[in-house]
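Here is a friendly look at a protein model, covering its salt bridges and its confidence. Please keep the structure open as you read.

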Amino acid sequence: MANPTVVVLTDRNDLDDQLFATFAHCRELLRQPPLQAADRADLREKLQVASGGVVFTTIQKFLPQERGDRHPVLSERRNIVVIADEAHRSQYDFIDGFARHMRDALPNASFIGFTGTPIEKADANTKAVFGEYISVYDIQQAVVDGATVPILREPPRPDRPGRSREVPYRPQLRGGHKRRGG
């Protein structure tokens with residue numbers, strides 16, 4: 001890709017700030033400081049480079065100035081890679097939504113979507129937008145890696161309809177019985 005520009009895309013300012021701060025600590029690994037777009041004009045300026053760079057932004061900055069307008073082309077380059085975090089939330093409206101405007105702005109870019117919740121509906125399909133999975137990191141592997149804790153659910157009980165908690169179900173023993181280990 002000859003020194004691509006990587007655009008890290010989120011749909012929330014707090015997530016954009018968090019990811020930018022994390023990458024800012026990795027300047028040596030990146031061999032350059034990452035950039036964060038402050039507004040639409042700043043994003044347009046940051047994407048006018050010939051190559052290289054890591055730019056953080058929110059998808060909202062790809063809205064055109066007026067509703068119903070097409071977003072202007074920011075770059076025709078083929079060596080732009082857009083990495084969309086939380087790709088299941090904002091990447092499906094190709095008529096007049098964020099996804100359409102972003103692709104109008106970067107018509108030759110490659111798009112990679114990260115999501116823990118892929119969607120498969122007629123009008124919103126993660127695979128249709130981003131292609132086949134590159135890698136799958138599921139909850140079971142995250143538990144094995146220690147990245148998260150197991151998700152536990154209390155099964156329904158006749159005496160407590162509709163209630164569940166994220167703890168294992170442990171029936172209370174009555175009489176002279178004692179539960180071992182806890």
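## D14 and its partner

D14 is partly exposed, because its relative accessibility of 48% falls between the 20% limit for buried and the 50% limit for exposed. R12 has a relative accessibility of 33%, so R12 counts as partly exposed as well. Keep in mind as you look at this pair that the model is predicted.

The side chains of D14 and R12 come together in a salt bridge, with 3.0 Å from N to O.

## A salt bridge within helix α3

The count of salt bridges in this model is two. Besides the pair of R12 and D14, there is a salt bridge between D42 and K46, whose closest N and O atoms are 2.9 Å apart.

Have a look at where these residues sit: D42 and K46 both belong to helix α3, which covers residues 40-46. They are four residues apart, or about one turn of the helix. Both D42 and K46 are buried, whereas R12 is partly exposed and so is D14.

## How far to trust the model

The average pLDDT of the protein is 78, and 74% of the residues score at least 70. Confidence is highest in strand β2 (residues 35-36), with a mean of 95, and lowest in helix α4 (residues 87-90), with a mean of 62.

Residues 169-182 have a pLDDT below 50. Beyond near neighbours in sequence, this stretch makes six contacts in the model. Where pLDDT is low, predicted coordinates should not be read in detail.

Notes: Residues numbered from 1 in each chain as written. Predicted model: local features only at pLDDT ≥ 70, side-chain atom pairs only at ≥ 80, totals over all residues. Heavy atoms only, no water. pLDDT = per-residue confidence, 0-100. Helix = DSSP H or I, 4+ residues; strand = E, 2+ residues; numbered from the N terminus. Contact = heavy atoms within 4.5 Å. Salt bridge = Lys/Arg side-chain N within 4 Å of Asp/Glu carboxyl O. Buried < 20%, exposed > 50% of the residue type's maximum accessible area, 1.4 Å probe, protein only.
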